[in-house]
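Keep the model open in a viewer and follow the stops below in order. Each one says what to select and what is found there.

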Amino acid sequence: MRRKMIILFGLAVLIQWIADAQAQDQWSWPEKPQNLQILPNDWPGSRLAPVMQGFSRALGVRCSYCHVGEENQPLSTYDFASDANPNKERAREMLNMLGSINDHLKKIDPSGPKRVNMWCHTCHNGRPRPLTLEEVLVETYQLQGLDAALNHFDQLKEKFYGRGVYDFENENTLNSFGYSVLNNGDAAGAIRVFKMNTEKFPKSANVWDSLAEGYLEAGDKDNAIKYYKKVIEIDPNSQNAKEALKKLGQ
Ligand code: HEC
Ligand code: HEC
């Protein structure tokens with residue numbers, strides 16, 4: 001009896017699985033979209049498809065980012081005509097914006113042989129919100145603290161390194177972020193960030209100078225002196241380090 005139940009249960013799961021797989025297969029682009037407000041409303045699904053795929057690629061997201069539907073569920077369960085997902089309205093405003101940007105672009109006489117058009121990916125380049133790396137770090141820091149910001153840095157690096165989207169190889173990114181942390185009254189946190197930067201850019205006098213300033217703010221004069229001396233080692237003309245050392249009685 002028990003065995004039979006298990007077999008029946010297994011069969012039910014299998015039937016559900018086949019039904020899901022069929023539902024997934026059965027979705028196709030609508031012949032007549034119901035709710036196009038910006039794109040031409042007589043566009044059939046076949047014209048809509050490359051645009052939607054382009055949106056997804058430009059922002060590095062899936063359909064569910066802008067539509068009502070759950071990730072990993074078949075597309076037949078999505079409600080594409082619904083406007084309940086606020087990102088859909090945001091995307092509409094973006095379409096309007098892009099139209100007006102391209103109207104302006106048409107007014108100039110381009111210096112090159114061909115007109116340069118602007119696309120979603122020109123700004124977004126694989127990100128839903130086109131922030132600079134420093135802006136992302138500051139935003140995450142303000143919302144969730146330093147550990148979260150530094151984790152975010154690692155995650156972005158894993159995903160985007162080498163794609164030219166975020167400037168990982170620029171000492172100013174972590175340096176400016178470190179000053180945001182310092183100006184927030186967190187000298188110990190700023191020292192962590194500046195230290196990371198000295199590990200990445202050990203030949204830059206400026207990043208050591210920031211680390212020294214972090215220690216100075218933290219009231220750790222010994223380390224401030226140590227790192228201002230390091231600045232002078234790299235850049236014997238550093239006026240800032242010389243003055244700081246003088247003030248520190250050196
Ligand atoms: C960045 C946001 C965004 C992404 C990602 C996106 N869409 Fe859309 N989609 C829109 C917007 C905005 C409209 C409505 C355009 C308008 O009003 O002219 C729309 C309309 C549609 C429609 C027409 C619905 C109707 O009946 O009116 C379909 C179908 C659709 N999208 C499918 C998809 C599919 C499939 C994907 C994933 C491959 C996708 N979309 C990804 C923003 C998006
Ligand atoms: C001129 C640059 C630019 C272009 C072109 C552009 N966007 Fe954006 N987009 C932005 C900026 C900046 C934001 C962030 C706004 C904010 O959060 O304050 C944004 C935000 C969005 C968001 C909201 C994302 C979120 O998570 O909050 C969506 C969706 C979006 N854009 C879709 C598009 C689509 C689709 C296109 C092409 C039709 C497009 N964008 C073209 C600059 C641009």
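Select ligand 1 and Asn-35: an oxygen atom of the ligand is 2.7 Å from a polar backbone atom of Asn-35. Bear in mind from here on that this is a predicted model.

Keep ligand 1 on screen and add Arg-92, which has a polar side-chain atom 2.6 Å from an oxygen atom of the ligand. Then add His-67, where a polar side-chain atom lies 2.8 Å from a nitrogen atom of ligand 1.

Next, zoom in on the iron atom of ligand 1. Which protein atoms are its donors? They are SD of Met-52 and NE2 of His-67, lying 2.0 to 2.3 Å from the iron. Met-52 lies in helix H2 and His-67 in the loop between H2 and H3, so this pair ties together parts that are 15 residues apart in sequence. Check the angles as well: the six donor atoms around this iron subtend 86 to 179°, which makes the arrangement octahedral. For comparison, the ideal angles for six octahedral donors are 90 or 180 degrees.

Now show the whole shell around ligand 1. It has 25 residues, and the closest are Met-52, Cys-63, Cys-66, His-67 and Arg-92. Colour the shell by residue type to see 17 nonpolar, five polar and three charged residues. Then colour by helix: H2 (45–59) and H3 (86–107) each supply at least two residues of this shell. H2 gives the largest share, five residues. With a surface switched on, look for ligand 1 in the largest pocket.

Move to ligand 2, which also sits in the largest pocket. The elements that give two or more residues to its shell are H2, H3 and H4. Which of them supplies the largest share of the shell around ligand 2? Select H3, which contributes seven residues.

Display the 18 residues around ligand 2; those that come nearest are Tyr-65, Met-94, Cys-120, Cys-123 and His-124. By type, the shell around ligand 2 divides into 14 nonpolar, two polar and two charged residues.

Go through the polar contacts of ligand 2 one at a time:

- Tyr-65: an N or O atom in the side chain is 2.5 Å from an oxygen atom of ligand 2.
- His-124: a polar side-chain atom lies 2.8 Å from a nitrogen atom of ligand 2.
- Arg-129: a polar side-chain atom lies 3.0 Å from an oxygen atom of ligand 2.

The last stop is the iron atom of ligand 2. Select Met-94 and His-124: the SD atom of Met-94 and the NE2 atom of His-124 coordinate this iron at 2.0 to 2.4 Å. Met-94 lies in helix H3 and His-124 in helix H4 (residues 120–124), so the pair ties together parts that are 30 residues apart in sequence. Why is the arrangement around the iron atom of ligand 2 octahedral? The six donor atoms subtend angles of 84 to 179°, which makes it so.

How values were computed: Residues are numbered from 1 along each chain as its sequence is written. Chains are lettered from A and ligands numbered from 1 in the order in which they are written. This is a predicted model: local features need pLDDT of at least 70, side-chain atom pairs count only at pLDDT 80 or more; totals for chains, interfaces and linings use all residues. Side-chain values use heavy atoms; hydrogens and water are left out. A residue is near a molecule or strand if one of its heavy atoms lies within 4 Å of it. A polar contact is a pair of N or O atoms within 3.5 Å; within protein, one must be able to donate a hydrogen and the other to accept it, and residues adjacent in sequence count only if both atoms are side-chain atoms. On a 1 Å grid over the protein atoms alone, a cavity is a set of points where a 1.4 Å probe fits but cannot get out, and a pocket is an open set with protein on both sides within 12 Å along at least five of seven lines; lining residues have an atom within 4 Å of a point. A molecule sits in a cavity or pocket if more than half of its atoms lie within 2 Å of its grid points. Helices (H or I, at least four residues) and strands (E, at least two) are DSSP runs, numbered from the N terminus. Ala, Val, Leu, Ile, Met, Phe, Trp, Tyr, Cys and Pro count as nonpolar, Asp, Glu, Lys and Arg as charged, and the others, Gly among them, as polar. Donors are N, O and S atoms within 2.8 Å of the metal (3.2 Å for Na, K and Ca); water is not among the atoms, so sites may look incomplete. Four donors count as tetrahedral if all angles lie between 85 and 135 degrees; four count as square planar and six as octahedral if opposite donors are over 155 degrees apart and all others between 65 and 115; anything else is irregular.
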